Amino acid sequence: MIYAIMDIGSNTVRLSVYKQNEDKAIHLFSEKEQASLRNYVKKGNLTDKGIDRLIATLRRFNSIISNFDDIDSVHPFATATIRDVANRSEILKRVKDELGLDIEILSGEDEARLSFIGASKSVDVSEGVLTDIGGGSSEVVIIDQGKVIKSTSLSIGSLSAFNDYVTGLFTNKKEKKAIDNAVKLLLAENKMYREKQNNLAAVGGSARASLKFYNEYYNLSNYNSTMDAKKFNKMVKEILEMDDRDILDRILEIKPDRVHTLIPGMVILNRLAKYFYVNEINISQTGVREGYVYSKLLERK
């Protein structure tokens, strides 16, 4: 069986195709679109322009899928932005009417659980804390003995933090502090109390982009997947001391599609590492999409 997964996030919409090989999911290829849907939310609704952007992206993905006769089923799901807007029923209906796709809305709890399942395929998540920093939300999961003890979805992500707290192109020290305080407040409101954890596992685009920047910054191998929490914190502080041109040049060299969201994503990840007193941050190359395949498709078979 070959499955196509469409992951509709707040910042990025992704198409990932997997082949089932017995009880494993083999990743075949991916496409992505920086749709920035969060930017089209006005007064609690996704605007017509935002819906058009979403439909155009999914139509392109449908076109790609149509070139492959072997794809057995297509599974679109949406997270924070579509989940939170008041006109989500209208969005789902338009996508169904125009493209024939049934979008599944993942709850914050489902998103956290699937991120845990997906991350477990590439990093050790037997204990500690796991996070998936998306564009509009950040999932936080406490794990012990390989089981989810507690999970929550924080209503802040790399793109929403940029929109809500950053006035220029790059985050300054005052804005970093505001993002830090927002994360701490949301953790407290969601009863995620401070306690020391052995490590932090991170999944998603913001985490992978942070790792890529970290490896370049410290001249490490591209295959390195672990960040020292103290060195990561030092790097974030030093980035904020740079002038805008230096920051721009570095990000354009490493991750140009995240020029405005990379630093807010780093700030959130850094705050979570400090909040839980971790020494290491392990970056997973698998996450919610893999979790969706394993939990909802392979196990079901």
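This report describes the overall form of a predicted protein model and the interface between its two domains.

## Overall form

The protein contains 11 helices and 13 strands. Its C-alpha trace extends over about 50 × 40 × 40 Å along the principal axes.

The radius of gyration is 19 Å, and a compact globule of 301 residues would have a value near 19 Å; the protein therefore agrees with what is expected of a compact globule.

## Domain arrangement

Domain 1 covers residues 2-108, and domain 2 covers residues 124-283. The C-alpha centres of domain 1 and domain 2 are 25 Å apart. To the contact, domain 1 contributes 12 residues and domain 2 contributes 14 residues.

## Interface between the domains

Between them, domain 1 and domain 2 bury about 930 Å², and carbon and sulfur atoms account for 40% of this area.

Four residue pairs are in polar contact between domain 1 and domain 2, counting pairs with both residues at pLDDT 80 or more. On the side of domain 1 that touches domain 2, seven residues are polar, four are charged and one is nonpolar.

## Salt bridge

One salt bridge is found across the interface of domain 1 and domain 2. A salt bridge joins the side chains of Lys 32 and Asp 257, with an N to O distance of 2.5 Å. Lys 32 falls within the bounds of domain 1 (2-108), and Asp 257 within those of domain 2 (124-283).

Conventions: Residues numbered from 1 in each chain as written. Predicted model: local features only at pLDDT ≥ 70, side-chain atom pairs only at ≥ 80, totals over all residues. Heavy atoms only, no water. Domains from an automatic or database assignment. Contact = heavy atoms within 4.5 Å. Buried area = accessible area lost by both parts, 1.4 Å probe. Salt bridge = Lys/Arg side-chain N within 4 Å of Asp/Glu carboxyl O. Polar contact = N/O pair within 3.5 Å; in protein donor to acceptor, adjacent residues only side chain to side chain. Nonpolar A, V, L, I, M, F, W, Y, C, P; charged D, E, K, R; others polar. Helix = DSSP H or I, 4+ residues; strand = E, 2+ residues; numbered from the N terminus. Rg over C-alpha atoms; globule rule 2.2 N^0.38 Å.
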